[in-house]
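The following note sets out points for consideration on the model shown below. They concern helix packing, one backbone angle, and enclosed and open spaces.

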Amino acid sequence: MRTEKSLKNVLFGWGMQLVIIVLGFICRTVFIEILGEEYLGLSGLFANILTMLSLAELGIGTAIIFSLYKPIAENNQEQIIALMNFYQKFYRAVGCFVLIAGLALAPFLPYLVKEMPDIPHISLIYLMYVANTGISYFYSYKSAFVNANQENFLVSLNHGICYTVMVGIQIAVLQLTRNFIAYFSVQLVMTLVENMIISYIANRRYPFLKSREKYKIEAATSRQIKVNTLAMVGHNVGTIVMGSTDNLIISKFVGIVEVGLYSNYLMIINSVSTVLGQAFTAITSSVGNLLVMGEDKQKEDSLYMIFFVDFWLYGFCAIAIFCLANPFIELWVGKSYLYGLPIVAVLAAKFYCTGIRLACNTFKSAAGLYMQDVYKPYIEVVVNLAISLILVKYYGILGVFLGTLITTLLVATWIEPMVLFRYEFGKGAGRYLGKYLWYACLVAVTGLVTFIITDMVDLGGLGGLACKMLITMVVPNVFFLLLTFWQQEFRMLRQTLKNVLRKSER
């Protein structure tokens, strides 16, 4: 049952995300043509500032979702209601805090940009971003429960439909008004609509969530939430700083136009990351159920199989980013929006090194191992800021990306699996790290070979891009197949897929 639910969630997530990616690129193209680079850079900057404010969530959401796995598995509705009531009150408080803190930051905007662009109503635009972020918290507890109940497909479907409607209206508004405020107003309204719809779906599907009974959270669960929340504060700091400071450093030391150029690459990378991340988000609740109900060998075997899938997906996509990002952007918006090959290589490596951690972190999160490496994010913050601020002076924007990549390799790559294996499996992570190195070498060599072959293509335009895409589709997957078909993880994955297909045919 866990496998079938995971597969259903993954397929729905991927399907909706592919629709979102296509529509996103269409909307971005119209946006660039009508509003230009400065609005693009400003949009990226404000989005990152508001991401920093999400620290107010403190990790309680993650801690509560972990606490829901057991009562959901046991159908303990009293504990579910108690947790959800607490979750609701807390997230509404977070939404209010984000709105107030966002307003308080408004006077300091000129200090975050090297040269403030000549864009009218910048303060109003920023306040709209604040409002959009704040209201998203008021209903998010309902979608979190749907996810914890292994029905992520409902959230994916709702988001995909609402996003499609939003983009259609935004494009029409841009064409008619050529006004950013009118454009973003549509997003503000649709954020509210999307959250209200998922709340309605959750109430219809799980009527007991509407209960007004005042149940108490069990003492052991309450203590666990407090401990996990304390740990997640640090983890959120690390995640947000690692994910958001690049744009802030670029804006301050290089310029806001460079933020706009980076946002095109970031859109490609984030689109791919979101599609792949859907798979791991979709299986997290199933992994949580496995860790509650499964046997030790089954847990470890499942981890290595998912790690193998993680390597294949992120390795292939990292190679595709390295080989295809520049040809795609040149065809999409022109040569003036391109980065040099070294920057693209570092962005692809950063993408892979972040993505390959998902298998480990999915199990680590589902196991509730937050306190055990509470020191890690603080180390990441210090190391990342120090390296990035030093390298940006010598290498410009390349130095910023190198700083993030080096930090990931120095800190997170080995600490996360070490914690998982020590506290969940009671052993060292040597085998896991050995596979990590093997997979990294395989991706690096395959990526170099694929790039050399695609670089030989002398065609321009859409035909040249299509030819390079075909090569990139074939070469890495053939290499991966030939060099990994003998592994136990490959055989396990093949058998799992066969079992799912047999059940679906019945």
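1. In this predicted model, helices α6 and α8 pack with their axes 8 Å apart, at an angle of about 50 degrees. The two helices are therefore oblique to each other, since an angle that falls in none of the ranges for roughly parallel, roughly perpendicular or roughly antiparallel counts as oblique. The crossing of α6 past α8 is left-handed.

2. The residues that form this contact can be named on both sides. From α6 come Ser140, Lys142, Ser143 and Val146, and they meet Asn195, Ile198, Ser199, Ala202 and Asn203 of α8. Sorted by class, the contact of α6 with α8 holds five polar residues, three nonpolar residues and one charged residue.

3. Helix α6, which spans residues 140–148, also packs against α7: the two axes come within 6 Å and cross at roughly 135 degrees. That angle makes α6 oblique to α7. On the α6 side the contact involves Ser143, Val146 and Asn147, and on the α7 side Asn152, Leu154 and Val155. The class count for the contact of α6 with α7 is three nonpolar and three polar residues, with no charged residue. Ser143 and Val146 of α6 thus meet residues of α7 and also residues of α8.

4. The connection between α7 (152–177) and α8 (180–205) merits a separate remark. Arg178 lies in the loop between these two helices. Its phi is near 55 degrees, a positive value in a residue other than glycine. Most residues other than glycine have a negative phi. The reader may wish to inspect the backbone at Arg178 in the loop.

5. A further helix pair is α11 and α15, whose axes lie 12 Å apart and make an angle of about 165 degrees. These helices are therefore roughly antiparallel to each other, because angles over 145 degrees count as such. In this case α11 passes α15 in a right-handed crossing.

6. Which residues bring α11 and α15 into contact? Asp296, Lys299, Glu300, Leu303 and Tyr304 of α11 meet Leu420, Phe421, Glu424 and Phe425 of α15. The contact of α11 with α15 comprises five nonpolar and four charged residues, and no polar ones.

7. Turning to enclosed space, the model has two cavities of 30 Å³ or more. The second largest cavity contains about 40 Å³ of space. Its lining consists of Phe307, Ile356, Arg357, Cys360, Thr413, Glu416, Pro417, Tyr432 and Tyr436. At least two lining residues each are supplied by α15 (397–425) and α16 (430–455), and the largest share, three residues, comes from α15. By class, the lining of this cavity divides into six nonpolar, two charged and one polar.

8. Among the open spaces, the second largest pocket holds about 650 Å³. Twenty residues line this pocket, and those closest to its centre are Ile268, Val272, Ala320, Leu324 and Met469. Two or more lining residues come from each of α1 (2–35), α10 (256–293), α11 (296–333) and α17 (461–484). Of these, α11 gives the most, with seven residues.

9. What is the class make-up of the lining of the second largest pocket? The lining has 18 nonpolar and two polar residues, and no charged ones. The lining of the second largest cavity, by comparison, includes two charged residues.

10. Two helices recur in the points above. α11 packs with α15 and also gives the most residues to the lining of the second largest pocket. α15, for its part, provides the largest share of the lining of the second largest cavity.

Note on methods: Residues numbered from 1 in each chain as written. Predicted model: local features only at pLDDT ≥ 70, side-chain atom pairs only at ≥ 80, totals over all residues. Heavy atoms only, no water. 1 Å grid on protein atoms, 1.4 Å probe; cavity = no way out; pocket = protein on both sides within 12 Å on 5 of 7 lines; lining within 4 Å. Points joined across faces, edges and corners; volume = space filled by probe spheres on them. Helix = DSSP H or I, 4+ residues; strand = E, 2+ residues; numbered from the N terminus. Nonpolar A, V, L, I, M, F, W, Y, C, P; charged D, E, K, R; others polar. Axes fitted to C-alpha atoms, helices over the stretch in contact; angles between N-to-C directions. Parallel < 35°, antiparallel > 145°, perpendicular 65-115°, else oblique. Contact = heavy atoms within 4.5 Å. Left-handed = near helix turned anticlockwise from the far one by under 90°.
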